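User: Please take a close look at the ligand and the shell of residues around it. I would like one connected account, with the cut-off behind each term.

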Amino acid sequence: MKSTGGDDDAKRRAGEHAAGMVEDGTVVGLGTGSTTAYAIRALGRAVDAGLDVVGVPTSYQSGDLAREVDVPVRTLDDVSGVDLAIDGADQVAGFDCIKGGGAAHAREKLVASAADRLVIVVDPSKEADRLDRSVPIELLPDARRPVSAALRDLGGEPELREAERKDGPVVTENANLVIDCDFGSIEDPAGLAADLSAIPGVVEHGLFVGLIDEVVVGTATGVETRR
Ligand code: 5RP
């Protein structure tokens, strides 16, 4: 699994705490990344102990892990809704966050939007007063030049995400490309989110605004929650 940094014990506490929120007989969105992986493993242990739950994965990674630990998986087409989605983040400020470090943000936002509740699980390194990390943007392969130009018009500095163990760019699970765009300190996340969504060729961006219900931050000794 790629590393997004942060403290593993704190991630584990956050992930396991969120898994403990999952109720019997519910559908749970399974986010992507190292923090959510702790939640999925904890759910697997709970299923072994008798919990009846169905998971909707947001990536190959979370689906493969869920199957490995015997959490039954379904797609959004198979379920009438999602009760609770658990997912990680690359940066959180208040109840807004940036996601897409694993290039899974399109399905992550789809599942989060379908969920009654979204719980974000992070370690303290992800917390910020204001969002200022590069925003991952998934785009159609043919749209690279016009989308880059539109991002520069919005004041951003776009950079195509390069693969680490493959020559050339990252290609997402949806066969698209990813641009990471630096906007500096983001003063108006909702406004930027709307501007990004309006660019032709953009499939999805990693700004999550107005979706989070609760943030669980793992600490050195336990968790802190914001809701
Ligand atoms: C994947 C994501 C991840 O949730 C985000 O990158 C955080 O990952 P981790 O929990 O490994 O730090 O958005 O697209």
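Analyst: In sorting residues by kind, Ala, Val, Leu, Ile, Met, Phe, Trp, Tyr, Cys and Pro count as nonpolar, Asp, Glu, Lys and Arg as charged, and the others, Gly among them, as polar. What follows describes a predicted model, in which local features need pLDDT of at least 70 and side-chain atom pairs count only at pLDDT 80 or more, while totals for chains, interfaces and linings use all residues. Residues are numbered from 1 along each chain as its sequence is written, and side-chain values use heavy atoms, with hydrogens and water left out.

By that sorting, the shell around the ligand holds 3 nonpolar, 9 polar and 6 charged residues. A residue is near the ligand if one of its heavy atoms lies within 4 Å of it, and of the 18 residues around the ligand, those that come nearest are Thr4, Ser34, Thr35, Asp90 and Lys126.

Several polar contacts (pairs of N or O atoms within 3.5 Å; within protein, one must be able to donate a hydrogen and the other to accept it, and residues adjacent in sequence count only if both atoms are side-chain atoms) involve oxygen atoms of the ligand. Threonine 35 places a polar side-chain atom 2.6 Å from a ligand oxygen, glycine 100 has a polar backbone atom 2.8 Å from one, and for glutamate 108 a polar side-chain atom lies 3.1 Å from one. Of the 380 Å² of accessible area that the ligand has on its own, the protein covers 100%, where areas come from the Shrake-Rupley method with a 1.4 Å probe.

Glutamate 108 also leads to aspartate 87, since these two residues are in contact (heavy atoms within 4.5 Å), and the other contacts of aspartate 87, leaving aside its neighbours within four places in sequence, include Gly31, Thr32, Thr36 and Lys99. Aspartate 87 belongs to strand S3, residues 82–87, strands being DSSP runs of E with at least two residues, numbered from the N terminus. The relative accessible area of aspartate 87 is 3%, so this residue is buried, a term that means under 20% with a 1.4 Å probe and protein chains only. The side chain of aspartate 87 reaches the backbone nitrogen of threonine 32 at 3.2 Å, and it also makes a polar contact of 3.1 Å with the side chain of lysine 99.

Definitions and conventions: Helices (H or I, at least four residues) and strands (E, at least two) are DSSP runs, numbered from the N terminus. Buried means under 20% relative accessible area, exposed over 50%, partly exposed in between (1.4 Å probe, protein chains only).
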